[in-house]
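Student: Could you take me through one part of this structure in detail? I'd like to look closely at the surroundings of the ligand.

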Amino acid sequence: MHLYPASAEILNRNRKFIPGGVVSVNRAVQPEIVFVKGRGAHVWDADGNRYIDYHAAFGPHLLGHNDPYVTEAVTRVLREGASLYGSGTTVLEGRLGELICEHVPSVESAQFLNSGSEATCQAIRLARAATGRDHLIVMQGGYNGWHNDVACNLTTPLDQLGPRLCPGEYPFHPISSGIPVDHQRLVHIVNFNDLASVQYVCEKYPIAALITEPILQNIGIVKPEPGYLEGLRRLADQFGFVLIFDEVKTGFRHALGGYASIAGVKPDLVVFGKAVANGFPISVIGGKWELMNWFVHPDPSKRVMLAGTYNAHPVSTAAAIATIERLLMNDGEVYRRIEYLGDQMQQGLEKIIGGQGLKAVVARQGSAFCIYFMDHCPKDWHDLAANHDAALDGKMRQGLIAKGVYFFPVPTKQCSISFAHSQEDIEVTLQQVQNTLGSILR
Ligand SMILES: Cc1ncc(COP(=O)(O)O)c(C=O)c1O
């Protein structure tokens with residue numbers, strides 16, 4: 001059983017200087033643990049406890065914490081004297097652009113920012129400029145960042161959301177104060193896997209863009225049903241809106257070309273973050289030349305402003321290049337390995353669920369998985385919220401953390417396996433899931 005006195009001391013001190021003591025609202029969870037080191041599949045806290053990590057800092061650590069190949073690339077550019085110049089271009093950013101255009105089928109040209117939120121913000125602005133329209137469609141249960149267009153309707157309680165609407169749209173439920181009401185009217189929220197509602201909204205409003213994660217990975221693993229992404233493509237062409245895939249979580253984790261390359265559907269714009277640089281801060285917006293060229297439109301009144309002091313910082317850019325190089329090595333060995341480990345995890349979990357007679361399913365895409373305590377894999381947030389036993393999910397996560405297995409302690413959050421996880425890590429994890437569920441259900 002882990003105890004956290006040193007963590008508590010650090011947090012209490014930080015609270016004196018930082019509101020709440022943490023720098024992201026999403027990091028304020030129980031138990032309050034202060035991590036001090038990460039290597040490979042493991043993280044350590046201030047009290048010396050070690051954990052097998054499945055949180056992966058909300059997804060970036062595809063190769064594992066402090067991957068030696070990426071770390072060496074980063075220290076090399078610093079050793080060689082690379083700095084941030086803030087004028088003109090660099091060889092590094094050209095190389096990263098080339099790699100991304102080469103390996104992501106929907107990307108003809110790319111730009112670089114620092115975070116997923118910056119990238120989704122720019123993609124939406126670009127879509128509005130190019131279409132001359134203001135309205136936007138987002139998914140109930142999707143997460144696309146913290147800015148005004150998308151800080152809404154993630155895990156909305158059903159008593160606030162109301163009954164399932166299809167075809168129809170849900171009211172805007174902000175997850176931040178400070179979003180002007182007039183702005184909220186431009187954003188339309190529909191169920192994932194629900195083409196009828198997209199059509200319904202398109203018939204009522206001039207839609208500039210629809211933004212969606214191709215798999216909803218901020219509420220576990222909610223997959224698109226067969227034909228859904230193709231249907232979005234068709235509706236985008238029919239109604240003339242820009243289809244934006246937010247691959248901040250799915251991109252690079254599932255394939256170099258993003259989940260879109262697995263699904264065989266091309267969005268107009270795509271954004272990446274997280275796993276693209278294995279933990280270093282960089283994001284990508286890419287897509288068709290005809291859209292991306294709005295960033296350099298010859299008419300200044302039409303040009304979409306893209307700027308940022310830290311865009312394509314050499315440290316993050318070198319990390320992204322190294323990550324992609326690593327993903328390309330040995331004919332995709334990383335993807336083969338994490339798929340194998342993911343499959344082992346899924347089989348093991350399903351055996352435990354069956355053995356304990358639990359009403360539960362394992363949803364998985366490659367290295368990302370989630371246990372839902374319900375009798376089917378959810379098709380959207382409404383389905384999930386109505387059927388999933390969130391209390392049991394929460395208890396399981398608390399129990400696992402106390403035993404040194406870090407499943408992020410918020411129900412439905414996805415677990416991410418990295419290339420650094422070993423067979424033994426998976427076996428220990430399965431044993432601890434068995435023990436934890438056994439003691440909860442006893
Ligand atoms: C799908 C998706 N889009 C966008 C974001 C925002 O990215 P960032 O936190 O880097 O701003 C996230 C972050 O979790 C995400 O999961």
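Tutor: Here is a walk around the ligand, followed by a look at the enclosed space in the protein.

Keep in mind that this is a predicted model. Start with who is there: the shell around the ligand takes in S115, G116 and S117, then Y143, N144 and G145, and also E213, N218, D246, V248, K249 and K274. Sort that shell by class and you get six polar, four charged and two nonpolar residues.

Now zoom in on the side chains that reach ligand oxygen. S117 puts a side-chain N or O atom 2.6 Å from an oxygen atom of the ligand. For K274, the distance from a side-chain N or O atom to a ligand oxygen is 2.7 Å. N218 joins in too, with a polar side-chain atom 2.9 Å from an oxygen atom of the ligand. As for how covered the ligand is, on its own it has 390 Å² of accessible area, and the protein covers 84% of that.

K249 is worth a second glance: this residue belongs to the ligand's shell, and K249 also turns up in the lining of the largest cavity. Searching the whole structure gives one cavity of 30 Å³ or more, and the volume of the largest cavity is about 50 Å³. Along with K249, its lining is made up of H55, F58, G59, F408, K413, Q414 and S416. By class, that lining splits into four polar, two charged and two nonpolar residues.

Methods:
Residues are numbered from 1 along each chain as its sequence is written. This is a predicted model: local features need pLDDT of at least 70, side-chain atom pairs count only at pLDDT 80 or more; totals for chains, interfaces and linings use all residues. Side-chain values use heavy atoms; hydrogens and water are left out. On a 1 Å grid over the protein atoms alone, a cavity is a set of points where a 1.4 Å probe fits but cannot get out, and a pocket is an open set with protein on both sides within 12 Å along at least five of seven lines; lining residues have an atom within 4 Å of a point. Grid points are joined across faces, edges and corners, and a volume is the space filled by probe spheres set on the points. Ala, Val, Leu, Ile, Met, Phe, Trp, Tyr, Cys and Pro count as nonpolar, Asp, Glu, Lys and Arg as charged, and the others, Gly among them, as polar. A residue is near a molecule or strand if one of its heavy atoms lies within 4 Å of it. A polar contact is a pair of N or O atoms within 3.5 Å; within protein, one must be able to donate a hydrogen and the other to accept it, and residues adjacent in sequence count only if both atoms are side-chain atoms. Accessible areas come from the Shrake-Rupley method with a 1.4 Å probe; for residues, only the protein chains shown count as cover.
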